[in-house]
Amino acid sequence: REGAPRAWPLPGRGLLGLGLAATLPAGARMRPAAAKPSTDTWMHAGNAARTGVFPGPGLDPTKDIIELWRIDGRQSGYFVEPRGVCDGVAYYLPEPNGLSPEVRPLVAVDARTGSELWRQIPPITEPTTYFAGQPAIADGLLIMPTWGGLLIGLDARSGESRWIFDVQGQLADSRPALVDGVAYVSDNASVNAIAVGDTAEWLWKAPLGDGTNTVVSPIVSVDGDYVVVSSVSLDPKAEPEGKTTVIHVLSAQDGSELYRFSFRPYGQSYQLAISNGNLYSQDHLDEDNGRAFYFSMTIDGSERWTSRKQPTIEAYPAVRGDFAYATTGESVFAFDTATGEMVWYEPQPQPVYPVTVLIDDVIYAGAAPPTPMIYAVDPSDGSPLASIPLPFDGGARVVGATGGILIVRSGVNLVALANRS
């Protein structure tokens, strides 16, 4: 399409002698053989499509629940920042108290016992290189972004370095997706596809902005043939209402832009869930007054509906089948994915975090600070299943589940829960 940015294959660029990537001839495209599907994954918002549906199995909230272990970061002088749970392993970053962020390692612990398995220090190539953002884990590979623009490939079980890769762009709070042996990651100016395994090799890079006046969202969503991301045009002379948000739909095969359209005038980047060829998200029209709403559109940009329920804070929906779910303010609610009409609405005992986590057939809503509680809700009708107390004040969030164990951030600490049996 005339005027649309092009996606270019790039030569590989490895660092420190680890997993040097092969060079792609100019104009060539490559696609690795699809990896065997695995349920042992963890990514931001549950999966590459960002639907908020996380792998299980989790615990049964209607039965007795016990604490297996806890990591009390306060005793060690740091905050625990969870970084996923997968295949019997939980990961976290110790947020230093009084230490420079460059030295914080990625730590892996046994999800059943809490015992440390390994810790990996980020490669220090410049003062700003430190682990940042969220990992993507699949098929035994963990990829972790750094602030300085590197992707680090680690063996998810042993922590052994497989490769270090420079995406040639700034990664800020990046949330990569990992699908069939391909890592999709957005830097501040483009979207990148990288074939990953024991090594890392470029597939394509799709420029979408300049990283200064037009900035690409750190969250990229992937489903089937589509890669979806938003960008925001920043004009320091314009009022917020004058800024522009663009949603880009790219081909997962070669990065070519299939659709590009402006959406909403406020200038907000989006986290977009993809389900059955449709996009779902939440939009702020007026940040000062808290006016916002949920919306759905087709993959080619036709608006399907706008919800009548207005979230008071940023709270992206979880989507599964015929229903989308949201946790915001003091309630959890569901709406029909076809029409946007409210299906059920359930107030919670206390205000909750705007993060919706769906594991097995349970919605988990974490209480906002200072309440140390997780609320388990039935997704079919919103009825409460359990209120799960936690040991530390400061609110709570569910990180994920593995082998019947629920990993939770409680205050600034990490806690593992399971059924007594």
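Good morning. I begin with the interior of this predicted model. The largest nonpolar core holds 52 residues, and the members that touch the most others are Y91, Y364, L406 and I407. Let us take one of these four. Which residues does I407 touch, once those up to four places away in sequence are set aside? The list runs W69, V85, A90, A111, R397, V398, V399, G400, L414, V415 and A416. A second core lies apart from the largest one. This other core has 35 residues, including A48, W202, L208 and L250.

Let me now step back to the protein as a whole. Its secondary structure consists of 35 strands and one helix. The protein has 421 residues, of which 55% are buried. Among contacts with a separation of 6 or more, 48% join residues 24 or more positions apart. As for the outside, the accessible surface is about 16,900 Å², and carbon and sulfur atoms account for 49% of that surface.

I turn next to a single residue, R175. Where does R175 lie? Its place is in the loop that runs between β11 (161–166) and β12 (177–179). Is R175 buried or exposed? Its relative accessible area is 13%, and the cut-off for a buried residue is under 20%, so R175 counts as buried. What does the side chain of R175 meet there? One polar contact, of 3.0 Å, is made with the side chain of H44. Another, of 2.7 Å, links R175 to the side chain of D173. Beyond its neighbours within four places in sequence, R175 is in contact with H44, R50, Q134, P218, I219 and V220. H44 therefore appears twice in this account, because its side chain makes the polar contact with R175 and H44 is also on the contact list.

Finally, I come to the empty space inside. Rolling a probe the size of a water molecule over the atoms shows where such space is left. How many cavities of 30 Å³ or more does a search of the whole structure find? The search finds one. The largest cavity contains about 40 Å³ of space. Its lining is formed by Y353, V355, V357, Y364, G366, A396, R397 and V398. Two strands, β30 (362–366) and β33 (396–402), each contribute at least two residues to that lining. β33 gives the most, with three residues.

Some names from the start return here. Y364, a member of the largest nonpolar core, also lines the largest cavity. R397 and V398, which I407 touches, are lining residues of that cavity as well. Thank you for your attention.

Terms used:
Residues are numbered from 1 along each chain as its sequence is written. This is a predicted model: local features need pLDDT of at least 70, side-chain atom pairs count only at pLDDT 80 or more; totals for chains, interfaces and linings use all residues. Side-chain values use heavy atoms; hydrogens and water are left out. A nonpolar core is a set of buried Ala, Val, Leu, Ile, Met, Phe, Trp, Tyr and Cys residues joined through side-chain atoms within 4.5 Å. Buried means under 20% relative accessible area, exposed over 50%, partly exposed in between (1.4 Å probe, protein chains only). Contact means heavy atoms within 4.5 Å. Helices (H or I, at least four residues) and strands (E, at least two) are DSSP runs, numbered from the N terminus. Accessible areas come from the Shrake-Rupley method with a 1.4 Å probe; for residues, only the protein chains shown count as cover. A polar contact is a pair of N or O atoms within 3.5 Å; within protein, one must be able to donate a hydrogen and the other to accept it, and residues adjacent in sequence count only if both atoms are side-chain atoms. On a 1 Å grid over the protein atoms alone, a cavity is a set of points where a 1.4 Å probe fits but cannot get out, and a pocket is an open set with protein on both sides within 12 Å along at least five of seven lines; lining residues have an atom within 4 Å of a point. Grid points are joined across faces, edges and corners, and a volume is the space filled by probe spheres set on the points.
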